[in-house]
Every structure is written in C-alpha cells, then in structure tokens.
Amino acid sequence: MTTATASGNGFRRFARSIHIPPVYYILILIFLVGGLLDQIFADGQIFKNPAIMLNIVVRSVALGIVAVGQTLVITGASIDLSVAYTISITAVMSSYVMQGKDVNVPQAILVVFLIGAAIGLVNGLIITKLHINPFICTLGTSLILSGIINATFSDYTGKVPQSFQFFGYGTLGPVPVSILILLLIVLGGWFLLARTKFGSHLYGVGGNPEVARLSGVRTDRVLIIAHIICSMTAVLAGLFLVSQMGSGAPWVGPNGVYDLNSIATTVIGGTALSGGKGGMWGTLGGVLIFGILDTVFNQLGVNPYLKTVLQGAIIVVAVASYTLRSKKEAA
Amino acid sequence: MANETQEIQPLMEVQHISKRFPGVVALDDVSLQFYPGEIHAVVGENGAGKSTLMKIISGAYIPDSGTIYLSGEKVFFSHPQEAQLKGISIIYQEFNLLPERTVANNIFLGREPSRFGTLDIRQMNNQASEVLKEIGVERMISPTALASSLSVAEQQLVEIAKAISFKSKVLIMDEPTAALTFTEVDLLDDLIGRLKQKGMAIIFISHRLKEVFDIAEKITVLKDGKFVKTVSKKDVTPADVVYLMVGRALDHYFPALGKPEEFGDVALKIKDASNDMIKGVSFELRKGEILGVAGLQGSGRTELAQALFGVMPFKSGSLELHGKALAIRNPYKAIKNKMGFVTEDRKAEGIAPRQPIRDNMLMTVRAIQNLFGVIHKDGIGKSRQLVPMLGKQVDIKTDSFDREAQFLSGGNQQKVVLAKWLASDADVFIFDEPTRGIDVESKASIHDMIRDLTRRGIAVLMISSELPEIIGMSDRILVMADRKVVGELPAKSSEQQIMLMATGHATTNTVTAGKE
C-alpha cells in the first residue's frame, strides 16, 4: 500500500510533482505545429517576429480575464453564461459615462463594477436560494441583459479618453501593459483558488456540496462570492476591450463569444464541468491555445471557419483525454 | 473487566429513542449505553433500525422522542456538525472525501488553518501529519497525497483521522470493513484497538458476524426497530446472535411451494461464469421453479442478476438458455431471448416516472419492435388489447392508464414493472428485491403473481435480502457471499442456516459451490 498510484514514467511523475497541467502538452504541440506551418507557408515570418509572438498573448487578454472568473464558478460546479453581455454592458456604460473626459473615469469604473457586482449577486442568489440550475439561471440573466442593452444602445456610445487607452495599448518597457494585466488577474485567481480558505471551500462545494456543508462550509455564501468575482472579471474584460477600441459597442461581448469561449478554455485547461477539480494555470494554457490558433490562422490568412472547427476538435480531444486519464487512474 | 465498566459512567447513553418514517416505525423505544474504551457492535437484519439509530446519535436525524446523554449531560443535535463539535463522529459506508483534494485539505475542510483568509498550507500539512501520526499511519499516508490516489482502506483511515481531528470521543462506523481486503481489515483492527486505549467509545454496525466477533467486546441486537439484547462477546456464540437477530415467526402468508415433479427442463444454466464483479458462479434453473438468491449486502446478488441480463455481461464461463449456448452482451439481447428483469431500484431502473402507465407497460414490447415501426398509444396489432389485459392481470389500482406512473403507490408501480415484463412474453424472470418498500397487501399479491408465473412454466430467479421472503417463496436457495455462490440450501431451510452460510460460518459442499 503506497500512497502514489505510480502510473506512468518518471517524466510524467515529475511533471505531476511540480503540477504542470496536462493542457501545456497540447499547447506545446500546437505551438510546434503552428511553427511548422509557419515555416512551410510563410517562411517563418510569424514565429521569428517577437511583436507577433507578443500579440498571441495580447489577443488573449480579454478572454483570459473572463476565463479566470469562469474557472472559479465552474470549480464550484456552477457556470456563468451571462459574462458576454456583462462585458457588453460594461463597454457601453463605461464609455457612456466617460464621454471622453479623464475626470469621468473613476465614476465610470465605479458604476460598471457596481453593475457587475449586482449581476453576480443576482446570479448567485438565484442559483443558491431558488435552487435554479446555474445553466438556466445565467442563460436567463444573459437574455435579460441582452434585451436591456439592445433596447438602450444600438451602436458605439460615448468615447474613452486617450489616457484610458493606456491599458489596451501602453507598454512598460518592452512589455505591453495588457499582458501584465492578464498575468496579474491570473495570479490573483490562482491565489484565490489555491491559497485562500475561500478557494478551499469552493473546491469543497464543487466536489461534494453535502460533504462541504457537513464540514461546516457555508456553501451558499461561497458560491455567491464566486459568482460576484466572476461577473467582476467580465467587467474588467469589458473595460479592457473598451480601452482597446476607444469606444463601447453593445456587441463586443457576444461577438467575442466570451461566454462559450471562456467555458471552453476553462474546460480545456482541465477544470471539470462537474466541479471540484481543476486550476487557474490550466485555464491560462487553454486561453493561450486559443490565442495561438487565432494568431496563426490570422497571419496565414486561412479561412477563419477552419479555426472554429479546430477549436471544437481541441475541446473534444482535451476533455476526452481527461476522462480517459481519470478512468485509467481509477482502475 | 465487564464488572468494572458497569461502574464507570457511560460516555454516551440513549434513552427511549423512537423514530417513525411514513408507514414504518424505524426505532421503537430503544435505550443503550456506550462506555469509554469499549468496542460495541450493533447488529440486526436489514431494516432492524441500526442505521437510523446511528444517524440519530450523530445528528443526521432528529428522533421523534427520547434523549441522548453525553458524559451525563443531556444533548440535542439538530445538525451533524453540532454532534461533531460535541465529539461524536460518524464514518459512513460510502466515503465522504473530496477525491481531487489532498489528504490535509480533506481533514481540515471548513476549518483550514489560515491567516487573514490566506491558507497556511504548511501549518495545515503539519497538523494533518500530527493527526495521521496519532493514529499511527503517518508512514502510509502523506498529507499532500490526493484522496483519489489512496486505496479504499487508506481513504477510510483518512476519514478516521478527520474524526480524530475533531477530538472525537465517540466514533461510529457503518460497515467499516465492507470494502476492505483481509490485510486491510487487520490494519483497521489495530487502529480500533489503539483508539480504544485512548478511552474512546467505538460503535460499529456490521452485517458480518465474523468481524463482529473478531473486533467487538459488546454486541447489541436490534430487531424490527426494537432493542433485543446487549451481550458480551465472551458469553455467546455466533449462532446465539443469529437466533437473536432472526428468531421470529414468518409474519406473512406465502403461496404453496412448487412440486419438484412439476419442474420442467433446465431453462437457464450457468457454469463457472465470472466478470469483474462476481467470481465463478454455476447453477441451473428449471422451468416452473423459483430459485432464491440470498446473501448480505455486497455479496454480489444484484451483480449476478445484472450479469445474467447483460447489464454487466459475464466475461468468462458459459451460459445456456433452454439448452442453447448464448452470450448475452446487452439487455436488448436478453429481452430478445425472452428474459425479464424486475430491478431492485424501482425508481431508477424500473419505471419511467413521468411516462403514462400505458407507455411503461409497452416499453419492452416496443424495445424489440422494429425501430421505425409505427406505434399507437395502445400498441399495435394484436398488442392493442395488451394494456387493459395486463392491467387486469396484475391488478393495478388506477382510474386511467394515461396517468403518469409516478403518481402510483410503490406497490402499484411494482405491478406496472411486472406488467412490462409480462408483456414481453419472457419465460425466464429475474426478480431483484421484488417487494422492497411495498405495503403488505401488495406484497402478498406480488408473491402470488410470481408463483403463478412458475405454474405457467416460467423459470424464476428471485433475489431478496428479506429472509422470510426467500424461505417462503424459494424452491431452492442459493447463498452468496464475497461475490461467490457459497452454497445451496433446500426449500424451507431456516433463517439461521442461511445466515450462518452467508456470514461465512458454514459452507456446504454442493455442486454449485464456488471454486476453493
């Protein structure tokens, strides 16, 4: 009777001991294949160009930020389909309040964070207190938000002051600010999940709510907080997008498919939809995979629908491999 | 020793505990004392009230009447957490660990050591190490191992560690060794011995008399929710305890047994059949015969039925249906070959609760029809008269067959399941717990119906955990234990004979006994 199941070879055990999520193997594979395609079809101009390489990450920032929140709620065996329209409402409201003036920025930020917190609170309350399936609940709030936005705003609204665009385009030395923001958020998400009581309780709630409850975890409160944080990440993503575009449009959220893509990248990263299992670094891996696909397909000028096909295939393959792995471990 | 403990104040005492559930008295005025440093087994047949009593002690159920005293002080628990904080921990049969979290995380879930909400992981692992050391398993289990990487026995040790970390004084274990191997059982025995040394009161529920006699010092017998007797192990034999557990008259009329001269050819013949769940099963089942299958929970009874019906097919050995060798790889094939399976879990596997009674009854008929065949709400062709006919045959009490099956009583639901299989024209029936949770009246009529089937030449394999039912209905009795057939008994064997065999205290060398 040893504690380790001792499956696999030395390298895999090493990777597990330092907790490299398996999604990074897929990431490396896609990176290599992308580089190969680049060599063949574009003489390596993408992968030799550091600006384009950085762009992989820059393109992933908004999705990455939402995926952090999505990872939290999914770890708690919940889900949030309303993030896309939370992003939209953030974009239009913040630019509407800012009206291109620096002085309005603090108010705008306050307003959108209040809206975000309210959305998360409502989602969390409906799911925990009314016992509505989280998929249905957030689908409902998502539709409500979309109706409100489309009835109120139809096109670009307001303007973002020049200074605010620093978040989207600024650099600190050679490093784009946006990348630092993403890193900061992912680090924060990791800290919450792996290093706080809240995170520990969230794993409990997602893994087995009854066990968590009997162990003294206030399960409802934990899940509500997770939903509030998730909506806040959507607000952050919305602010980031607005700073990139200079103005807010009601369609930014749904156009970026941030709801389904954030769920997809979370799941590719190894977080189980059934909850209780997963982590933030895996999600970052999932987001970077989508970023590489995006960049490579863009630069090579391939039909973008093919990218969608590939994304779909990666989701299925990744999740299937996790299922097979855990089956093998159980045996 | 026994005299000494009598003078010590009991660590925990329950007085006049009663608990009723709709239609059943689960516990009726039960009083018991548990002393520090004592290992106390609570035994009884299924439905004796053991689990209900443990759930009341640990705060999962609130008793209708009666009081609990802890170290002489009256206590009341409205939630398991309250009992836990008072030092009463329970370890359920199904494990309650988060598989994807570490041992330390599991032990301290909800009470993680932290500074300003930030986990103190080192502190948590250290404390977990200490607890593991306290029960002497620190070299076996690392605090940072994932729970899912542990064996069943190790998971159980973690649960015990979790209980210890609450500074428990009373530890309750529900069938602690049900899933363990022999060496693991030894390990657990050792540990229980050490906990006893610390002055804890250890209570465990078990079906296995052998283990009760190996581990416990005191044995309390419950029967039908009532206290029967508390005895010291050294004063009794296993047979005495079995007598206390089952010593009662059959409380229900059963139809007459079949006459051996009327049994027909062998309908179903299994030889050395095994899969992952059951080992080397052999038996023959004749037309017109009811073969009872008895055994404790986890002995492989249901798994046998599932293997026969192709739910979890046999991987080796042979199966002959009416003399024809056959591999039943899935339920479709079983139904095609005229087998019927009335499953144990009526709600999950028997009826489609939201479908009308009519569709439930026609389910098997439609299953073997052409997939794109036309269906009519009453069935088509000659099956059109089926629903009213079946309804009459099984005597379902309903005003309309269009009513959703979920609105019927348990007994009537079971009759719908029965009708479904009658409709399939099966000639080999498997019943798994045919009358569990059914009122007495429906019980009798279902028993009559099963016997009627055999009079029409149908072969019946009937699994039941209710010994009176096994004895009252079976023309022969197979006894299973440890996922094997351990022996065969003739009709009208006594409950003691069956229990002794099923608990591993007696075996017969019949042709059907498993290898070794």
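Me: Two strands pair if DSSP finds at least two bridges between them. In what order do the 6 strands of the open sheet in chain B come?

Reply: The order is E6-E9-E10-E3-E11-E12, with mixed pairing. Strands (E, at least two residues) and helices (H or I, at least four) are DSSP runs, numbered from the N terminus. This is a predicted model: local features need pLDDT of at least 70, side-chain atom pairs count only at pLDDT 80 or more, and totals for chains, interfaces and linings use all residues. Residues are numbered from 1 along each chain as its sequence is written, while chains are lettered from A and ligands numbered from 1 in the order in which they are written.

Me: Why are strand E6 (88-91) and strand E12 (226-232) of chain B said to stand at the edges?

Reply: Each has a single partner strand, so one side of each is left without a neighbour in the sheet. Across this sheet, neighbouring strands are turned by 20° against each other on average, direction ignored.

Me: What makes E3 and E11 of chain B a pair?

Reply: Strand E3 (residues 39-43) and strand E11 (residues 218-223) of chain B share 4 bridges. The rule asks for at least two, so they pair. Their sense is parallel. Look for B:Val43: B:Val221 of E11(B) stands opposite.

Me: Which helices of chain B pack on the sheet?

Reply: Helix H2 (residues 50-57) is one of them, and touches E3, E6, strand E9 (170-174), strand E10 (201-205) and E11 of chain B. Its direction makes about 150° with that of E9(B). Helix H9 (residues 238-246) of chain B touches E3, E11 and E12. The direction of H9 makes about 25° with that of E11(B). "Touching" means contact (C-beta atoms, placed from the backbone, within 7 Å).

Me: Now chain A. Why are H5(A) and H14(A) called oblique?

Reply: The axes of helix H5 (residues 83-98) and helix H14 (residues 258-268) of chain A come within 6 Å and cross at roughly 130°. Axes are lines fitted to C-alpha atoms, for helices over the stretch in contact, and angles run from 0 to 180 degrees between N-to-C directions. Under 35 degrees is roughly parallel, over 145 roughly antiparallel, 65 to 115 roughly perpendicular, and the rest oblique. The angle fits none of the three named ranges, so H5(A) and H14(A) are oblique to each other.

Me: What residues make that contact?

Reply: A:Val83, A:Ala84 and A:Ile87 of H5(A) meet A:Tyr258, A:Asp259 and A:Ser262 of H14(A). They divide into 4 nonpolar, 1 polar and 1 charged. Ala, Val, Leu, Ile, Met, Phe, Trp, Tyr, Cys and Pro count as nonpolar, Asp, Glu, Lys and Arg as charged, and the others, Gly among them, as polar.

Me: What makes H5(A) roughly antiparallel to H6(A)?

Reply: H5(A) and helix H6 (residues 105-129) of chain A pack at about 155°, with axes 8 Å apart. That angle is over 145, so H5(A) is roughly antiparallel to H6(A). By class, their contact has 10 nonpolar, 5 polar and no charged residues.

Me: How many residues of chain B are in contact with chain A?

Reply: 24 residues of chain B are in contact with 23 residues of chain A. Helix H3 (80-85) and strand E8 (118-119) of chain B each give two or more residues to the chain B side. That side has 8 nonpolar, 11 polar and 5 charged residues.

Conventions
Contact = placed C-beta atoms within 7 Å.
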